[in-house]
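Me: I have a model open and want the reasoning behind the labels put on it. Take them one at a time.

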Amino acid sequence: MKPKVIVYKKVEPEVLEYIQRTCDVVYFEGLDSLNYSEFLQELKSAQGILGSGLKVDKSLLDQAPQLKIVCNASVGYDNFDVTELSNRGIMATNTPEVLNETVADTIMGLILSTARRMPELDQLVKSGQWTSTIGEKWFGVDVHHKVLGIIGMGGIGSAVTKRARFGFDMNILYHNRSRNEEAEQKYGATYCSMEDLLKQSDFVCLMTPLTPQTENMMGEKEFKLMKESAIFINCSRGKTVDEDALVHALATGEIYAAGLDVFVQEPVNEDNPLLSMKNVVTLPHIGSATSETRLKMAMLAATNLVAGLQGEIPPTLIKTGVRVK
Ligand code: DGY
C-alpha cells in the first residue's frame, strides 16, 4: 500500500505526478479557515506532509500520529519545532541552495531600488508629474564602490557577495556564526564583528535564518550604530528585526532608508507605519518567487518526501538528531 501524504500548497503538475508515483496524495492548493478542519482530519493518517509556512508544533503533531516526515518547500524552517520533531523521530527537510541565485537577485533589486528610489520615481512618471528635468530632490545614492555589510553569510550571502563584488565593485564586510572561506577567498569578503559591520557599512543586509538567537537581533541599539546615510535590507524573516525600532530609526533619520521583503506580520497589516514611509521599499516576501526557482524548490521538497518514505536519506534533511536508516 502506498503511504498517504498531504501536499498543502499549490505545486506544478509534474511535482504532483512525481509524488503520486509512490504515494497516495491528498492535495490542498493552500490552507485556509474553510479547509483546515478537513486537513486536520486527513492528517490523522498521513505519513508525510509537504508545503510551506504551516506551523508544525506540538499541537499539530499531536494530531498526526502516523507522521514520518515533514517537508518544507522553503529554505527557512522557523515554522518547524525542531526539538518536538526530533523527540518524536520525525524527519524534517527544507530546500537550500536551489534558491540562492534567485534570492540574491531579489536582494540586489532591493538594494538598487531603495538607493535609487525607483518605486517613488516610477510613481512620479506614471502619475504625470514628470514635467521637467529631475532635480536634486529626487536624487538617490550610489551603490557601486560602497561598503556592503552582510549579516548571515550562507549560500545566499555568497551569491549576493559575488554580484556586489564583481558587478558593483563593492567592498564586502560580513558577520556570521562561522567564517565563510569561499566568500573570503573568491570574493574578498572581510569577516568582522557585528558592531564594526554596523558602523562601517553603507548597506546592511540581513540574511540570517530566524532562530531564538536571531529573533529581534536588529533593534534600537543596532540601528543607532548604523550610519545616518545607511540603507537597511531585510530578506531573512520579519521577526529578526524589532519593527518598532526600525520605524523609529527611519522616522528620526538614524538611518536613511530600508528595503524589506519580510515583515513581522505577513501579509503585512495595512496600518503598519512602514507602509506610509517614502524611504521604505516593500516587497511581499518574493525572495525566491520565480517560476523556475519555485519549481526547483517544490521538486526538491517532493524528492525529500519520497526518499524519506522509501527509507532513504532525504537529500536535504535538516539535522534534528533524528536517526535515519
Ligand atoms: C524561504 O525559502 O525560506 C524563502 O523565504 C521563501 O521565499
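Reply: Start with angles: axes are lines fitted to C-alpha atoms, for helices over the stretch in contact, and angles run from 0 to 180 degrees between N-to-C directions. On that footing helix α12 (residues 291-309) runs at about 170 degrees to β4. The model is a predicted one.

Me: What makes α12 a helix that lies across the sheet, and which strands are involved?
Reply: Contact means heavy atoms within 4.5 Å, and α12 lies across β1, β3, β4 and β5. Helix α1 (residues 13-20) lies across β1 (4-7), β2 and β3, and its direction makes about 140 degrees with β2.

Me: Why is the sheet of 5 strands called open?
Reply: Its order is β2-β1-β3-β4-β5, with parallel pairing. β2 (24-27) and β5 (91-93) each have a single partner strand, so one side of each has no neighbour in the sheet. On average, neighbouring strands here are turned by 15 degrees against each other, direction ignored.

Me: How do you know that β3 and β4 pair?
Reply: Pairing requires at least two bridges. Strand β3 (residues 48-51) and β4 have 4 bridges, in the parallel sense, so by that cut-off they pair. L50 stands opposite C71 in β4.

Me: Why is C71 called buried?
Reply: Buried means under 20% relative accessible area. C71 has 1%, so it counts as buried.

Me: How do you know that C71 is in no disulfide?
Reply: The structure holds 0 disulfides. For C71, the nearest cysteine sulfur is that of C23, 9.5 Å away. A disulfide needs two cysteine sulfur atoms within 2.5 Å, so the pair does not qualify.

Me: And why is C235 not bonded to C205?
Reply: The two sulfurs are 6.2 Å apart, which is too far for a bond, and C205 holds the closest cysteine sulfur to that of C235. C235 is also buried, because its relative accessibility is 13% and the cut-off is 20%.

Me: What makes N79 a buried residue, and where is it placed?
Reply: N79 is in the loop between β4 (69-72) and α4 (82-87). Its relative accessible area is 9%, under the 20% limit, so N79 is buried. Leaving aside neighbours within four places in sequence, N79 is in contact with G53, L54, K55, V56 and N72.

Me: What distance separates the side chain of N79 from the backbone oxygen of L54, and what is the limit for a polar contact?
Reply: A polar atom of the N79 side chain lies 2.8 Å from the backbone oxygen of L54. The limit for a polar contact is 3.5 Å, so on distance the pair falls within it.

Me: Why is P314 called buried?
Reply: P314 is in the segment after α12. Its relative accessible area is 2%, under 20%, so P314 is buried. The C-alpha atoms of P314 and T93 are 7.4 Å apart, although 221 residues separate them along the chain.

Me: Which are the edge strands of the sheet with 7 strands, and what makes them edges?
Reply: That sheet is open, has parallel pairing and follows the order β8-β7-β6-β9-β10-β11-β12. Its edge strands are β8 (190-191) and β12 (280-282), each of which pairs on one side only. α5 packs on this sheet, touching β6, β9, β10, β11 and β12, at about 150 degrees to β10.

Me: How do you know that β10 has partners on both sides?
Reply: β9 and β10 run parallel and are joined by 4 bridges, with F203 having I231 as its bridge partner. β10 also pairs with strand β11 (residues 257-260) in the parallel sense over 4 bridges, and F232 stands opposite A258.

Me: Which way do the side chains of β10 point?
Reply: I231 and I233 point one way, F232 and N234 the other, and all are buried. In a regular strand the side chains alternate between the two faces of the sheet.

Me: Which residues have the most contacts inside the largest nonpolar core?
Reply: They are I107, I111, L148, I150, V160, I172 and F203, in a core of 30 residues. α5 gives the most to this core, with 7 residues. Apart from it lies another core of 28 residues, among them L197, M217, A258 and M277.

Terms used. Residues are numbered from 1 along each chain as its sequence is written. This is a predicted model: local features need pLDDT of at least 70, side-chain atom pairs count only at pLDDT 80 or more; totals for chains, interfaces and linings use all residues. Side-chain values use heavy atoms; hydrogens and water are left out. Helices (H or I, at least four residues) and strands (E, at least two) are DSSP runs, numbered from the N terminus. Buried means under 20% relative accessible area, exposed over 50%, partly exposed in between (1.4 Å probe, protein chains only). A polar contact is a pair of N or O atoms within 3.5 Å; within protein, one must be able to donate a hydrogen and the other to accept it, and residues adjacent in sequence count only if both atoms are side-chain atoms. A nonpolar core is a set of buried Ala, Val, Leu, Ile, Met, Phe, Trp, Tyr and Cys residues joined through side-chain atoms within 4.5 Å.
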